Amino acid sequence: MSSEARLYTFSQETKDHLRKFRLGTSRANDPQAVIYYIDKSTHEIRQDQDKVVYKSLEEIADDLPDHAPRFVLLSYPLTLPSGRLSVPYVLLYYLPITCNAELRMLYAGAKELMRNTSEAGRVIDIESIEDLDEIPKKLAVE
């Protein structure tokens, strides 16, 4: 067992929700996302805004805090230049420049565990809410 797996925890309900979300979004026609945070006292990784599924990057931007990191699981359907539909499933690692060192370390240590547990295809680091505007371009260049 890795040291990250001993430090951070997921409830069974969270693991089930991660799996259900991943499977349920694989054929989605619209963007879908959920936001996760780490409880500082227990180091449990859990969903922010209980059971809220976001349908646009603008909705995500409205709920991301200014000074605290978050993990955002995003399923974002797009049409590739070849005309083929692709539904990338990615982990957005939101780490604002203004957050303190303690939170930076807490989230940095959980990044790979979150990626592996959620089975996200790739991780995209973002530092500000404005970076969300670039996500469609980054996803199109897989």
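These questions and answers cover the cores, one buried polar residue and the aromatic pairs of a predicted model.

Residues are numbered from 1 along each chain as its sequence is written. In this predicted model local features need pLDDT of at least 70 and side-chain atom pairs count only at pLDDT 80 or more, while totals for chains, interfaces and linings use all residues; side-chain values use heavy atoms, without hydrogens and water.

Visitor: Which element gives the most residues to the largest nonpolar core?
Guide: A nonpolar core is a set of buried Ala, Val, Leu, Ile, Met, Phe, Trp, Tyr and Cys residues joined through side-chain atoms within 4.5 Å. The largest has 23 residues, and Y36, I38, I45, F71, L73 and M114 touch the most other members. At least two residues each come from α2 (12-25), β1 (32-38), β3 (70-75), β6 (89-94) and α4 (101-118); helices (H or I, at least four residues) and strands (E, at least two) are DSSP runs, numbered from the N terminus. With 6 residues, the top contributor is α4.

Visitor: How many residues are in the second core?
Guide: This core is separate from the largest one. L64, Y76, L80 and I126 are among its members. Its total is 20 residues.

Visitor: Is Q47 buried or exposed?
Guide: Q47 is found in strand β2 (residues 45-47). Buried means under 20% relative accessible area, exposed over 50%, partly exposed in between (1.4 Å probe, protein chains only). Q47 has 10% relative accessibility, so it counts as buried.

Visitor: Which side chain makes a polar contact with the side chain of Q47?
Guide: A polar contact is a pair of N or O atoms within 3.5 Å; within protein, one must be able to donate a hydrogen and the other to accept it, and residues adjacent in sequence count only if both atoms are side-chain atoms. The backbone oxygen of V52 lies 3.1 Å from a polar atom of the Q47 side chain. The side-chain partner, at 3.3 Å, is H17.

Visitor: Why is the pair of F21 and Y89 tilted?
Guide: Rings of Phe, Tyr and Trp (its six-membered ring) pair if their centres lie within 6.5 Å; planes under 30 degrees apart count as stacked, over 60 as edge-to-face and the rest as tilted. The F21 and Y89 centres are 6.2 Å apart, and the pair is tilted because the planes stand at 50 degrees.

Visitor: Which parts does the pair of F71 and Y107 tie together?
Guide: The ring centres lie 5.3 Å apart, with the planes at 45 degrees, so this pair is tilted. F71 is buried at 0% relative accessibility, and Y107 is buried at 2%. The parts are 36 residues apart in sequence: strand β3 and helix α4.
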